[in-house]
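Me: I am new to this structure and would like a close look at a single part of it. Please take the second largest pocket and the charged pairs, and go through them in order.

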Amino acid sequence: MYTGYAQYQRTVRRRVDKRALRRLWAWIAATCLLCCIAHAAAYRWGNLYRNNRTVAEEKLYPMPVLGVADVLLAVNTMKPKAALVPVRDASNPLIVVDAGHGGADGGCMSGNVLEKDINLKIAMHIKELLGEHGYEVLMTREGDETISLEDRVRLANENGATIYISIHQNSCDEEVESVHGIETYYSAGSEADSKRLAKLMQQQLTDSTDARDRSILANENLYVIRETTMPACLIETGFLSNKKECALLVSEEYQKQLAASIVSGIELYFHPKTMYLTFDDGPSAENTSSVLDALKEQNIKATFFLVGENVEKHPEIARRIVAEGHTIGIHCYNHDYEALYESVDAYVADFEKAKAAVYEATGVEVKLFRFPGGSINSYNKKGYGDIAKTMTEKGYIYFDWNASLEDAVHTSTPERLLANAKDSTLGRKKIVMLAHDVVYNTTLCINDLVEQFPEYQMLPLTEDVLPIQF
């Protein structure tokens, strides 16, 4: 009996010892974890003061919530983290100009002509021109030196550059005269606005030279445009393997011409022209919906001049136009031109009927309108002045247009509509583009329409916009 009791006591003591030991270890682990957290926090704030950063500046990049894994990783590695550098915006841009290759890396060559030398000469001309325009420029190299790809990217990222332009020359394995021209690369995987930057570079370079347009190309293998955190592109300004193009590329005059084109593209990137996309005659169930889908994909806001009877047929489309941030204007209630332009009173009555239909469907009080056929047409030659005066006195604003897809014709193609739009802009700084959202071919080319005008920002019309009028 005594032996059994003693054995029982020893078992109890072992259990008590194990519980105590577990509690001890738990207390030690908790203490260590708290110390680690305190150490990591002190280390981060120590960096803050060592770098002379103010608390106000740090609020832009708040200290992240540290998980256990983060703390243990910080304690184990004890490596200082890279400082967070804000990327400059368009109001205070920093442009990195990268002259490709250099030093031991000569790039491609043709005879005694080395790519690295052409790259640097063009880059230095770009730097000079950008300085004249008041831009701050950072060169990856200004001499014949070897700079690693990693160092080029690090220079841009750590200085918070706004855009990154890399200059290169191309080459073909054989000296084939048919292979020549300019091409620009960007990273499709980048969240930055690299594609638009590449389009502007390619557009300005090919518009100002006789070089073949070899288009823009997405490429994920080019380190400097893949790893930079800002919009970036790499420009191949010509083929050294082509004798005729090589002769141009070694010419200082042509180098300056290329540099001026690149600077023009940079200027348009930061200071774009303005285009107002406008659509008449809708809404229609299928076609207007397709236009809205394309605009949403491109993150573009436009203006829709609606027909009252179509709004009554498709009120849900009118509501979608409003819900997605587009501007609504009045076109007319229906397209009976003879009745519409019979008199001022007839026009006003038609307008008010269309306005009421829009308000009932959307709750929007419309102030903008567009005359069917434009403010001056064959139906209103005698009375358009009186109509315009009356509508203006009532507080309404009318918009005509100064460019058009010319999509109201019965026979056309998306390609023809795009060409019409391009040809009719004439490089103007302010464009009101006429299109029709009830035309099927128009719905097919909206994405390409936006893509072919990288030099324009696209905005909806408002009451504050100075109207284009015939």
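**Charged pairs and a pocket**

Reply: Asp151 is partly exposed, with 39% relative accessible area. The model is a predicted one, and Asp151 is a convenient place to enter it. The side chain of Asp151 forms a salt bridge with that of Arg154, at 2.3 Å from N to O. Arg154 is likewise partly exposed, its relative accessible area being 39%. Both residues belong to helix H5, residues 149-158, and they sit three residues apart, about one turn of the helix. In general, side chains of opposite charge can pair when their charged atoms come close.

A search of the whole structure gives 15 salt bridges. Another of them joins Glu183 and Arg214, whose closest N and O atoms are 2.9 Å apart. This pair links distant parts of the chain, with Glu183 in strand E6 (residues 182-186) and Arg214 in strand E7 (residues 213-218), 31 residues apart. Glu183 has a relative accessible area of 6% and so counts as buried, the limit being under 20%. Arg214, at 29%, is partly exposed.

The next pair leads to the pocket. Asp193 and Arg196 form a salt bridge, with 3.8 Å between the closest N and O atoms. Asp193 is partly exposed, at 35% relative accessible area. Salt bridges with shared partners also join Lys195, Lys199 and Glu451 into one network.

Now the pocket itself. The second largest pocket holds about 450 Å³ of space. Helix H6 (194-208), helix H18 (446-451) and strand E16 (456-458) are the elements that give two or more residues to its lining. H6 provides the largest share, four residues. The lining has 17 residues in total, and those nearest the centre of the pocket are Asp193, Arg196, Gln298, Ile300 and Val450. Asp193 and Arg196, then, are both among the residues nearest the centre and partners in a salt bridge. By class, the lining is made up of eight nonpolar, four polar and five charged residues.

Elsewhere, the largest nonpolar core has 51 residues, and among those touching the most other members are Leu277, Phe279 and Met433. Helix H14, residues 344-362, gives the largest share of this core, six residues. A separate core of 39 residues includes Leu130, Met139, Ile167 and Phe270. In soluble globular proteins, nonpolar side chains tend to be buried together.

Methods
Residues numbered from 1 in each chain as written. Predicted model: local features only at pLDDT ≥ 70, side-chain atom pairs only at ≥ 80, totals over all residues. Heavy atoms only, no water. 1 Å grid on protein atoms, 1.4 Å probe; cavity = no way out; pocket = protein on both sides within 12 Å on 5 of 7 lines; lining within 4 Å. Points joined across faces, edges and corners; volume = space filled by probe spheres on them. Nonpolar A, V, L, I, M, F, W, Y, C, P; charged D, E, K, R; others polar. Core = buried A, V, L, I, M, F, W, Y, C linked by side-chain atoms within 4.5 Å. Buried < 20%, exposed > 50% of the residue type's maximum accessible area, 1.4 Å probe, protein only. Salt bridge = Lys/Arg side-chain N within 4 Å of Asp/Glu carboxyl O.
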